[in-house]
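Subject: Structure for you to look at

Hello,

Here is the structure I promised to pass on. Please open it and keep it on screen while you read.

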Amino acid sequence: MSAEGIAQESQRNLIEALESGQLSDALVAQGQDILARMQSVLRLSVLGLPGSGKSTLLNLLLGSRVIPEGVRLPTLKMQYGEAPSAKCTLADGSVETLNHADFDAISHFQPAFVDVSMPLPALSKLSLMEVVAGDDPTEQQRAVAWAAKRSDIALWCTTNPTPLDQQLWALLPDRLLDHSFLMVTKAETASHASRIDHARKIGEELFFQALPIDAVAAVDARKPDGTVDKEALRASGGMALISAILREVENGQRAASDAADVFLRQVDFDPTRVAQRHIERVEPVSTATTNEAVATPIEAPTPVATHSSSSNVPDPQTSMGPAARAACAQVVDQLVAEGAALADRLASNQITDNDVVEVSVDTVTWIAEYLAEAAVANDTAMQRTCELANGAADLVQLIQLEKGDDVALDALSLMIQLKQELQAELAA
């Protein structure tokens, strides 16, 4: 079961417990606080000095060029809404409410803050905020301190870290830095290699990760029809960023689920069902239908003892060790069975495209985790296999964000490609 599915089930169990009438007022209040956190999306802020590429990065995260070039806007919050709308807070504190999200029209109000709602898929997973301030250090400090209190994830954009950048980083609390990324923007320029190396040396001790990004190329890789040039997105650094953010979202969902599970155990509410879900977490569960048999879970291979003698180590360039080979073969069998079942259900209209993608995400993600656990030291052939699986896991998460009509076929094609690549590794 995916992290999202686990969180949804935890939420249903928590709601049932709160509505059972069996909890004290104090416990109900505690459970409602947990439920409020579960029902809130993660808040991601894009920060950085003027000209650091924040707006282009925001468009990448939104999935298209939502924010037009050249439009001057203040700090902007983007969240999900069934219809486009905007609330413009003006300098005098008054608010103009609009039933559209025309950013040219919004800019004419010269607002101090804009809260925009739009029905974009990316906004169903997290809210986005671009924090805008001038060059004045005091203004920047106020903006960063204000945003830090309203953020769960931060992307700090810089073309090359300056002393002011570093002063502002000191204002970010540890709980936010643990989920923050230093984005070295405009990576398409000739000097990007030295800039990236310099930024990593400066920021690696503070930020969770430093990532180079050619945001313009990454935005262009996502086409108007909803399809994605995956190779261009990967080369631009966009795929690495999207995958990193999706992992943060998944970790947040798991943390919310764990908090709900702890609460439910504390109040002794339906422990059998809660425990069963934890068992399902380590199995590749198909969520396509409720009446289809679930594939038999793969058992972890027996670890092979390592020896100091080089004669006992398989040739790292030509073959896998026996345990790794067994794990890879079982994964191929799983892909064959799961892929065939999904293709049959899709052809007979017994499953929706979204369900196909969800099952593919669950299966490929599980395979990547399973192979990583089964990997044996000094087996570079198995390491290549793990890299293939990790790459497929990143791609299938990206497919999940696409808006085209062929997402189900793309997900199935990726599973077939992964199967073929793993079969080639076994045959080597």
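Below are my notes on the sheet, a helix beside it and one pocket. Keep in mind that this is a predicted model.

The sheet

Start with the strands. Nine of them form an open sheet, with mixed pairing. The order is E4-E3-E5-E2-E6-E1-E7-E8-E9. Some background: strands of a sheet pair through backbone hydrogen bonds, either parallel or antiparallel. Which strands sit at the edges? They are E4 (95-98) and E9 (209-212), and each pairs on one side only. Neighbouring strands are turned by 20° against each other on average, direction ignored.

Now look at one pair. E8 (residues 180-184) runs parallel to E9, and four bridges link the two. Find Phe181 there: its bridge partner in E9 is Gln209.

The helix on the sheet

Helix H5 (residues 137-148) packs on this sheet. H5 touches E1 (42-48), E2, E5 (113-118), E6 (126-130) and E7 (153-158). The directions of H5 and E1 make an angle of about 165°.

The pocket

Next, go to the second largest pocket. How much space lies in it? About 630 Å³. The pocket is lined by 24 residues. Closest to its centre are Ser55, Val71, Leu73, Glu130 and Val132.

By class, the lining has 10 nonpolar, eight polar and six charged residues. Helix H3 (54-62) and strand E2 (75-80) each supply at least two residues of the lining. The largest share comes from H3, with four residues.

Best wishes

Notes
Residues are numbered from 1 along each chain as its sequence is written. This is a predicted model: local features need pLDDT of at least 70, side-chain atom pairs count only at pLDDT 80 or more; totals for chains, interfaces and linings use all residues. Side-chain values use heavy atoms; hydrogens and water are left out. On a 1 Å grid over the protein atoms alone, a cavity is a set of points where a 1.4 Å probe fits but cannot get out, and a pocket is an open set with protein on both sides within 12 Å along at least five of seven lines; lining residues have an atom within 4 Å of a point. Grid points are joined across faces, edges and corners, and a volume is the space filled by probe spheres set on the points. Ala, Val, Leu, Ile, Met, Phe, Trp, Tyr, Cys and Pro count as nonpolar, Asp, Glu, Lys and Arg as charged, and the others, Gly among them, as polar. Two strands pair if DSSP finds at least two bridges between them. Axes are lines fitted to C-alpha atoms, for helices over the stretch in contact, and angles run from 0 to 180 degrees between N-to-C directions. Contact means heavy atoms within 4.5 Å.
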